[in-house]
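Me: Could you take a close look at one part of this structure for me? I'd like the aromatic side chains and whatever they pack into.

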Amino acid sequence: MLKHIALFKFNKFESIEEKENYYNRIKDVFDGLEDRVPAIKSLQIGFDELQSVSSYDFVVNVVLENMEALPEYMNHPEHVKTGKIVRERMLDKKTIDYEF
């Protein structure tokens, strides 16, 4: 199995409402993604609660069958849709992929 974790830091929001609207768009595009992308074995997303200086704002935690499934996941049109929304405010991104 392969674990793919991506952390995102976003540009600052002008208001709480802007942040909530953007986060809702992210939740909507990721909702049911594991049912639309066959390579995904499990999927979790989350938003940072602490908002410390070292925190990132958003995490995607995906389990795939193996390393060979990663390109299938990354290039799937439904995953590409998620990336377009996340990149609208992306300031930085960190990823790690490891087998377990």
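Let's start with one residue: is Tyr22 buried or exposed?

Reply: Keep in mind that this is a predicted model. Tyr22 has a relative accessibility of 4%, so this tyrosine counts as buried, the cut-off being under 20%.

On to its ring partners. There are eleven aromatic pairs in the structure. In one of them, the ring centres of Phe13 and Tyr22 are 5.8 Å apart and the planes meet at 45°, so this pair is tilted. Both residues belong to a single aromatic cluster, and joining them there are Phe8, Phe10, Tyr23, Phe30, Phe47 and Phe58.

Two of those cluster names, Phe30 and Phe58, come up again in the largest nonpolar core. That core has 24 residues, and Phe30, Phe58, Leu64 and Tyr73 are the ones with the most contacts inside it. Two or more residues each come from strands E1 (2–10), E2 (40–47) and E3 (58–64), and from helices H1 (16–30), H3 (69–75) and H4 (77–87). H1 is the top contributor, with five residues.

Leu64 is worth a stop too. If you skip neighbours within four places in sequence, Leu64 touches Met1, Leu2, Ala39, Ile40, Lys41, Ala69, Leu70 and Tyr73.

Last, a couple of rings carry a charge over them. The charged end of Lys9 sits over Tyr56, 5.0 Å from the ring centre. Lys3 does likewise with Phe100, lying over the ring face at 5.8 Å from its centre.

Technical notes. Residues are numbered from 1 along each chain as its sequence is written. This is a predicted model: local features need pLDDT of at least 70, side-chain atom pairs count only at pLDDT 80 or more; totals for chains, interfaces and linings use all residues. Side-chain values use heavy atoms; hydrogens and water are left out. Rings of Phe, Tyr and Trp (its six-membered ring) pair if their centres lie within 6.5 Å; planes under 30 degrees apart count as stacked, over 60 as edge-to-face and the rest as tilted. Buried means under 20% relative accessible area, exposed over 50%, partly exposed in between (1.4 Å probe, protein chains only). A charge sits over a ring if NZ of Lys or CZ of Arg is within 6 Å of the ring centre and within 35 degrees of the ring normal. A nonpolar core is a set of buried Ala, Val, Leu, Ile, Met, Phe, Trp, Tyr and Cys residues joined through side-chain atoms within 4.5 Å. Helices (H or I, at least four residues) and strands (E, at least two) are DSSP runs, numbered from the N terminus. Contact means heavy atoms within 4.5 Å.
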